[in-house]
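Here are some notes for a colleague who is opening this structure for the first time. They go from the chain as a whole to single helices and residues.

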Amino acid sequence: MLHRTLGTTGPQVSALGLGCMGMSALYGDADRTESIATIHAALDAGVTLLDTGDFYAMGHNEMLIGEALRSAPTGARERALTSVKFGALRDPDGGWSGYDGRPAAVKNFAAYSLQRLGVDHIDVYRLARVDPDVPIEETVGAIAELVEAGHVRHIGLSEAGAETIRRAAAVAPIADLQIEYSLISRGIEEQILPACRELGIGITAYGVLSRGLISGHFSRDRQLAANDFRGMSPRFQGENLQRNLDLVDALRKVAEDRGASVAQTAIAWVLSRGEDIVPLVGARRRDRLTEALGALDVRLGADDLAAIEEAVPAGAAAGDRYPAEQMAHLDSEH
């Protein structure tokens with residue numbers, strides 16, 4: 001399997017990473033046994049990067065990954081790399097109440113994550129969203145102290161803007177930036193991606209299928225569960241949804257002409273954007289994982305890329321990628 005490096009200072013990882021959030025929260029109910037089997041299948045296939053957040057179902061996702069790692073073959077477990085986001089504040093009812101990037105909080109969050117994951121270090125550690133009340137230099141400095149102590153291997157960022165990225169990189173080496181990037185979310189191309197490339201910072205791209213919207217599996221009349229956050233996402237609402245699924249229909253024609261699925265074509269497009277970009281696939285089931293891995297065999301030439309661009313032009317998506325309140329917390333959008 002093709003391998004890439006998360007920036008000039010980061011670890012070598014598989015060409016695709018597994019985003020595990022949906023196995024615990026935000027996309028409706030998930031099957032625990034199937035989730036663990038999917039993590040095992042990913043490791044068996046050579047996927048090394050497992051991404052989570054300490055706030056995904058209040059630690060449930062980290063404990064799920066910990067269980068999967070304990071029950072995985074020794075070799076697969078040793079090759080696995082953990083990427084953890086921290087800092088999101090939750091309440092007992094599942095609500096969100098901001099982000100905490102204070103140095104003392106950074107170390108507190110890390111202590112709990114190490115315990116839940118059952119590991120002696122976290123491979124990439126990152127603040128989930130920039131805390132507007134704490135200078136990024138202080139947050140990154142605290143992670144750097146965790147690196148020095150051996151509890152963290154590499155420093156990452158998440159949803160940070162170009163200026164923040166530069167300030168963070170002036171404090172300590174940054175391995176990569178995790179940020180949404182897909183055919184219908186291309187905002188990083190203007191300033192953020194060039195800044196990362198200038199500084200030697202890799203990209204782990206989440207939302208490569210836009211939460212299933214451009215997977216080819218989302219129907220126009222689908223009813224979302226009450227605990228599926230996509231029910232509040234602008235891109236999944238009313239006329240926005242219909243317009244976005246029109247884009248998917250256009251992409252489907254391109255994919256079928258090339259003997260690939262819509263999801264494989266969308267993932268392959270992200271892979272084509274550069275060796276410094278690692279797509280995270282959010283498969284919760286083994287069949288979806290198998291489909292995603294098939295993207296590695298899709299080779300897109302200049303004509304293919306032109307056809308994809310015509311089907312899904314930059315900026316064509318209807319609706320923001322998050323509700324307005326959450327968009328306000330994205331340093332990358334400022």
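1. The accessible surface of the chain comes to about 14000 Å², and 49% of that area belongs to carbon and sulfur atoms. Please keep in mind while reading that this is a predicted model, and that every value quoted here was computed from it. Of the 334 residues of the chain, 58% count as buried.

2. On overall architecture, the secondary structure of the chain comes to 12 helices and 12 strands. The radius of gyration is 19 Å, close to the 20 Å that the globule rule gives for 334 residues, so the chain is as compact as a globular protein of that length. Taken along the principal axes, the box filled by the C-alpha atoms has dimensions of roughly 55 × 45 × 40 Å.

3. On how the chain is connected in space, 75% of the contacts with a separation of 6 or more are accounted for by residues 24 or more positions apart. As for charge, the chain carries 33 positive and 47 negative charges, and the mean positions of these two sets are 3 Å apart.

4. How many residues of helix α9 (residues 262-271) are buried? The count is 10 of the 10, so this helix is largely enclosed by the rest of the structure. The buried residues include Val262, Gln264, Thr265, Trp269 and Leu271. They pack against a set of helices and strands, namely β1 (3-5), β11, α8, β12 (277-281), α10 (286-293) and α11.

5. Strand β11, one of the elements that α9 packs against, contains alanine 205. The relative accessible area of alanine 205 is 0%, and because buried means under 20%, this residue counts as buried. Alanine 205 touches Val270 as well as Ile179, Tyr181, Ile277, Val278, Pro279 and Leu280, leaving aside residues up to four places away in sequence. With one of these partners, isoleucine 179, the C-alpha to C-alpha distance is 5.4 Å, although the two residues are 26 apart in sequence.

6. Helix α6 (residues 162-169) can be read beside α9, and its buried residues are Ala162, Thr164, Ile165 and Ala168. Seen down the axis of α6, these buried residues fall within an arc of 160°, so they line one face of the helix. The cover over them includes α5 (136-149), β9 (152-158), β10 (176-180) and α7 (192-199).

7. Is valine 312 buried or exposed? Its relative accessibility is 2%, which places valine 312 among the residues that count as buried, although it lies in a loop, the one between α11 (302-311) and α12 (324-327). Leaving aside residues up to four places away in sequence, valine 312 touches Leu183, Ile184, Arg186, Leu247 and Leu251. The C-alpha atoms of valine 312 and leucine 251 are separated by 6.8 Å, while the two residues are 61 apart along the chain.

8. Two further buried residues deserve a look, and they sit in different kinds of element: threonine 48 is in the loop between α1 (32-44) and β4 (49-53), whereas serine 83 has its place in strand β5 (residues 81-86). Threonine 48 counts as buried at 9% relative accessibility, and it touches Val13, Ser14, Arg79, Ala80 and Leu81, not counting residues up to four places away in sequence. Serine 83 is buried with a relative accessible area of 2%; with the sequence neighbours again left out to four places, its contacts include Leu49, Asp51, Val124, Arg126 and Gln178.

9. Finally, the backbone should be checked at two residues that have a positive phi although neither is a glycine: alanine 57, at about 55°, and serine 210, at about 50°. Alanine 57 lies in the loop between β4 and α2 (60-70), and serine 210 is found in the loop between β11 (202-206) and α8 (238-257). How they are covered can be set side by side: alanine 57 counts as partly exposed at 25% relative accessibility, while serine 210 is buried, with a relative accessible area of 2%.

Definitions and conventions: Residues are numbered from 1 along each chain as its sequence is written. This is a predicted model: local features need pLDDT of at least 70, side-chain atom pairs count only at pLDDT 80 or more; totals for chains, interfaces and linings use all residues. Side-chain values use heavy atoms; hydrogens and water are left out. Helices (H or I, at least four residues) and strands (E, at least two) are DSSP runs, numbered from the N terminus. The radius of gyration is taken over C-alpha atoms; the globule rule is 2.2 Å times the number of residues to the power 0.38. Buried means under 20% relative accessible area, exposed over 50%, partly exposed in between (1.4 Å probe, protein chains only). Contact means heavy atoms within 4.5 Å. Accessible areas come from the Shrake-Rupley method with a 1.4 Å probe; for residues, only the protein chains shown count as cover. Lys and Arg count as positive and Asp and Glu as negative; His and the chain ends are not counted. The place of a charge is taken as NZ of Lys, CZ of Arg, CG of Asp or CD of Glu. The arc is that of the directions from the helix axis to the C-beta atoms.
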